[in-house]
Amino acid sequence: MTKQGVTRRTLLASGTAAAGLSLAPSGVFSPAIAQAKPLRVGVLAPLSGVYASLGTNKTNGIKMFFNEQKMSVDGTAIELVIEDTEAKPQEGLRKARKLVEQDNVDVLLGVISSAIGYGLKEYVNRAKKVWVTTGAAADGIFKKANNNPYAFRSSLSVYQANEPMGTWMAEKGFKRVFVTGPDYAMGREAIVAFEKTFKAKGAERVGEIFAPLGTNDFAPYLTEIKRANPDVVYASYAGSDAVRFVQQFAAFGLQNSIKLAGYGYLAEEDTFEAQGNAAIGVYSALNWAYGIDTPENKTFVANYRKAYNSIPTVDSVAGYVGAQVVWNAFRKLGGKVPSQDALSKAVLETKIDTPRGPISFDPETRNVIQNIYIREAVKDGNEIHNKVLATFQAVRDPGV
Amino acid sequence: MFDFLIAQTLNGLVYSMLLFLLALGLSLTFGMLRVINLAHGAFYLMGAYFGLTAWTITHSFAAAIAAAIVGAAFVGMALERSWLQRFYTRNELDQVILTFGFALVFADIMKMLWGKDIHSIPVPSLVSGGVQIVGTYFPTYRLILIGVGIVLFVATWLAIERTRTGALIRASVADRTMVSGLGFNIRLLFTYVFGFGTAIAGLAGVLGAPITGIYPGLDFEVLITTLIVVVVGGLGNISGAFWAALLIGLAETYGKALYPAAASFIIFGLMAAVLLIRAWGRDEEDVE
Amino acid sequence: MNVAEIIAQRRLAPSVPLRLLSALGAVIAALAVAPLLGMPQFVQALIIEILIFSLLALSLNVLLGYTGLVSFGHAAFFAISGYAVGIVGMHVGSDILLTFPLAVLAAALCAVPIGWLSIRLSGFYFLMITFAFAQIVFVASFRWKPVTGGSDGLLVPGATLLGAPILGSREAFYYFVLAVFAICAAVLYAVVISRFGRTLVGIRESTPRMRALGYNVRRYKLAAFVIGAAFGGVAGVLNSLFNLFIAPESAHWTQSALVLVMVLIGGAGYFVGPIIGAAIVLLLQHWLSSYTEYWGLVLGILFIVLITGAREGVAGLVMQGWARMRGKVP
């Protein structure tokens with residue numbers, strides 16, 4: 001459990017931003033920083049409501065990166081204005097309007113909820129403001145057909161994350177899968193992507209169950225799963241659903257006889273504490289893993305743990321990477337934003353190394369091209385973390 | 001086929017008992033005090049959090065249960081004493097707004113104290129295994145929950161129907177002035193009853209924690225379901241709450257297993273149907 | 001003199017004091033002039049949203065304040081018309097002369113069976129059944145992906161008129177909403193001070209008496225329900241055309257709760273109460289959440305304080321304060 005005393009409204013840094021990542025009160029620039037107008041980054045994240053913990057992790061990642069850069073780029077100061085979307089489209093759009101029209105931000109960063117994503121993509125096209133999303137993973141938001149110059153996704157698409165898993169699981173020798181997930185867009189899209197490649201390799205699906213919204217108890221489904229006798233269960237649950245499903249899967253004795261695999265959120269750093277030993281051995285696919293063995297990632301993880309006294313999650317990384325994209329685009333333009341079109345071009349040309357590996361953008365969809373990792377949850381001392389079993393490089397979303 | 005029936009019926013029973021534990025407190029509070037407590041879900045979550053803290057410190061499930069009951073009862077009685085008492089004569093809508101306000105306040109306070117992450121309490125190792133029942137493996141803990149629900153139902157029913165205190169409570173409901181005129185301290189009685197209701201909610205929270213998890217937002221999720229059970233069972237009717245919980249628990253479980261697509265509608269459709277059937281044929285007088 | 005007139009005379013009717021009404025008129029006039037004096041775009045957006053939710057709250061008050069029917073499912077109609085605008089716009093045509101009336105009609109038509117069934121109950125049970133129906137609408141919009149877009153919501157095509165896009169600029173939309181709001185508020189006002197309106201009040205005060213006097217109470221309740229739904233539908237159309245987007249969240253019970261709270265905080269007993277309430281709740285929620293993630297705490301405290309001390313809502317406080325200032329006993 002983490003507590004971060006945050007003054008969310010505006011973050012201004014003094015020129016002597018501490019390595020300890022403390023937040024300076026809104027204040028004065030040190031004379032060392034140039035007199036150029038500061039660049040404003042508008043951050044949209046759910047800080048209350050259903051996705052509150054994800055939103056907090058995300059903004060932590062964003063803040064951490066900008067603080068590492070001493071809240072400046074090429075001599076120009078950077079301001080963050082963070083607003084709460086409450087994961088509600090109405091509020092999300094309202095806050096976006098505020099950031100764009102009242103606060104005159106230079107770029108929008110953030111959003112987790114896909115519903116907000118759909119609405120916002122249209123808005124930024126009308127308002128002509130560059131937006132880099134760190135969430136909003138629904139497949140339909142970034143397709144060739146609705147590509148527009150202002151909206152970018154630096155996180156992932158559900159399809160992109162799940163498709164490699166099908167190939168990998170089939171090659172591992174699994175033949176009979178029972179698929180399950182929450183009955184809404186994300187849950188279904190993940191399954192569709194997985195099944196496409198899994199079945200292409202000759203494996204088969206022996207059953208499917210999509211749990212209606214608000215399912216607290218998976219017992220009826222677990223009974224059905226047992227009867228179908230698959231060799232693997234592929235699940236696309238996230239958040240509290242993921243916690244419950246994995247726990248109940250083990251409680252009903254399925255952990256020892258059937259392999260459990262899923263979309264990365266099923267077994268991620270934010271669910272492990274509650275899931276406990278039930279999570280051990282679960283395979284999952286996502287664009288990051290705690291255990292990625294690169295200096296970049298190891299530094300990131302160590303710094304995050306020190307700064308926030310909590311374990312980074314994929315959302316923390318998403319925020320961090322989004323901030324990297326924006327900052328690098330600023331730097332390419334010399335620390336200023338002459339126009340949104342120039343910024344859009346700079347973001348499109350992104351080619352950087354991140355804790356998740358190298359990333360770039362697909363010009364046809366403006367969705368990120370990145371590595372996808374197949375992970376397994378393993379015990380690591382007192383904790384449980386994901387270690388990498390396989391890497392799929394430069395995965396892109398087909399965009400159709 | 002047979003093992004399917006056994007398995008799903010057991011699943012349904014567990015879910016029903018959890019629903020009953022929730023509905024019991026709310027129904028009791030309404031029946032005895034005529035107060036609709038929309039903060040009821042908050043007490044469920046509160047109990048789970050108190051239990052979580054106790055468990056984190058002592059690693060004892062029993063301590064968690066004790067903490068949940070005592071904590072929820074204490075906060076409940078404090079709420080009743082300090083605020084709710086003034087609202088007994090106010091109309092229902094006022095109580096709804098007041099308790100809703102407290103629900104929001106409690107929700108944020110819990111977020112401040114325990115954070116936003118998802119937590120859980122592991123099932124006590126003594127009962128963490130399972131048993132084979134006619135071919136299906138069933139977690140022991142869930143079987144225990146069924147037992148707890150039934151025991152609590154019987155115990156509460158006996159307490160209300162067969163003890164002196166129960167008689168006192170029933171009398172106060174029927175005629176408050178008379179009972180207090182006879183010299184009994186009605187105020188204290190009501191405080192205890194309310195505290196009992198919230199304590200049960202807290203107990204449900206900690207017992208349910210290994211199954212539902214503990215996180216912000218659970219309070220309102222649980223509240224909705226509880227309201228539905230209570231409405232179907234009849235406000236203030238304890239046996240009604242029990243049978244309604246059984247009906248809804250089993251219907252939802254079988255619904256999920258057989259017709260997953262329609263499952264979401266079942267619970268609301270059921271409530272609407274029950275309400276309308278009750279209202280039908282009655283004259284236009286208020287159904288209250 | 002019939003009972004409704006007696007009741008009205010005895011001031012048991014929700015008052016429409018001239019002062020508050022003229023204040024409302026003045027505010028609308030000021031709003032009409034403001035953009036010309038340089039009201040910023042974003043403030044215009046806020047005003048637009050306040051007007052939309054005020055209309056929604058006013059429509060709920062027809063049920064709540066005037067007829068005494070406490071509905072916990074009013075957002076359903078807001079959502080039904082909101083979705084209808086999008087669905088008609090996408091599949092038939094985005095001409096506003098088509099989408100606007102069709103969407104409002106959709107809300108009103110759905111209100112007929114829902115209302116007909118619901119008014120057979122009252123009090124807490126009425127609350128719960130309206131809640132149940134609204135949740136069914138929510139689940140339907142969440143699941144019916146081919147039609148409603150499912151959990152991801154629906155993009156709403158911009159309004160057009162005879163082929164040409166209209167209401168594209170913020171200012172144009174602002175005036176549109178202001179005009180629609182003023183008209184609807186005027187119509188609602190006319191409804192509640194009419195004989196029909198006073199009959200509703202009579203029903204609220206004592207249903208048995210009205211029945212004894214020969215009024216077909218059920219028919220009046222149903223009419224109130226449908227009127228409330230229709231105007232709630234207008235708000236829904238405006239909302240969809242403004243955001244150019246709608247999501248299932250608009251039908252969720254928390255949205256119904258929000259509208260209910262707006263009415264009660266503003267004061268159900270006054271015609272302008274819901275407007276005040278909508279403004280307060282919307283602005284508070286928006287401003288507070290920029291400063292703290294614990295805005296729920298503040299909102300909760302507000303409810304507690306208001307319901308304990310200011311039973312008649314903010315409008316009531318204003319009236320009492322006014323009366324006190326003039327030396328009269330409130």
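The following paragraphs describe two interfaces of chain C and one cavity in a predicted model.

The contact between chain B and chain C comes first here. In this interface, 46 residues of chain B are in contact with 39 residues of chain C. The two chains bury about 4,100 Å² between them, and carbon and sulfur atoms account for 75% of that area. Specific polar links are counted as follows: 1 salt bridge and 4 residue pairs in polar contact, with both residues at pLDDT 80 or more. The salt bridge pairs B:Lys116 with C:Glu293, and their closest N and O atoms lie 2.9 Å apart. On the side of chain B that touches chain C, at least two residues each are supplied by α4, α9 and α11 (263–279). The largest share of that side comes from α4(B), with 14 residues. By class, the side of chain B that touches chain C consists of 29 nonpolar, 5 polar and 12 charged residues.

Residues of chains B and C also line an enclosed space. The structure holds 11 cavities of 30 Å³ or more, and the second largest has a volume of about 100 Å³. Its lining draws on both chains: chain B contributes B:Leu38, B:Val96, B:Phe100, B:Leu223, B:Ile224 and B:Leu227, while chain C contributes C:Phe72, C:Phe124, C:Leu127, C:Met128, C:Trp253 and C:Leu260. Two or more of these residues come from each of α4 (92–114) and α9 (218–233) of chain B, and likewise from each of α6 (124–143) and α12 (253–266) of chain C. The lining of this cavity has 12 nonpolar residues, with no polar and no charged ones.

The contact between chain A and chain C involves 31 residues of chain A and 31 residues of chain C. The area buried there is about 2,800 Å², of which 50% is given by carbon and sulfur atoms. Within the part that chain A buries, A:Gln90, A:Arg94 and A:Arg97 supply 23%, more than any other three residues. Between chains A and C there are 4 salt bridges. One of the residues just named, A:Arg94, forms a salt bridge with C:Glu49, the closest N and O atoms being 2.6 Å apart. Polar contacts join 10 residue pairs across this interface, both residues being at pLDDT 80 or more. The elements of chain A that each supply at least two residues to the side touching chain C are β4 (76–84), α2 (89–102), α3 (114–127) and α5 (185–200). Of these, α2(A) gives the most, with 10 residues. The side of chain A that touches chain C divides into 10 nonpolar, 5 polar and 16 charged residues.

Technical notes:
Residues numbered from 1 in each chain as written. Chains lettered and ligands numbered in written order. Predicted model: local features only at pLDDT ≥ 70, side-chain atom pairs only at ≥ 80, totals over all residues. Heavy atoms only, no water. 1 Å grid on protein atoms, 1.4 Å probe; cavity = no way out; pocket = protein on both sides within 12 Å on 5 of 7 lines; lining within 4 Å. Points joined across faces, edges and corners; volume = space filled by probe spheres on them. Helix = DSSP H or I, 4+ residues; strand = E, 2+ residues; numbered from the N terminus. Nonpolar A, V, L, I, M, F, W, Y, C, P; charged D, E, K, R; others polar. Contact = heavy atoms within 4.5 Å. Buried area = accessible area lost by both parts, 1.4 Å probe. Salt bridge = Lys/Arg side-chain N within 4 Å of Asp/Glu carboxyl O. Polar contact = N/O pair within 3.5 Å; in protein donor to acceptor, adjacent residues only side chain to side chain.
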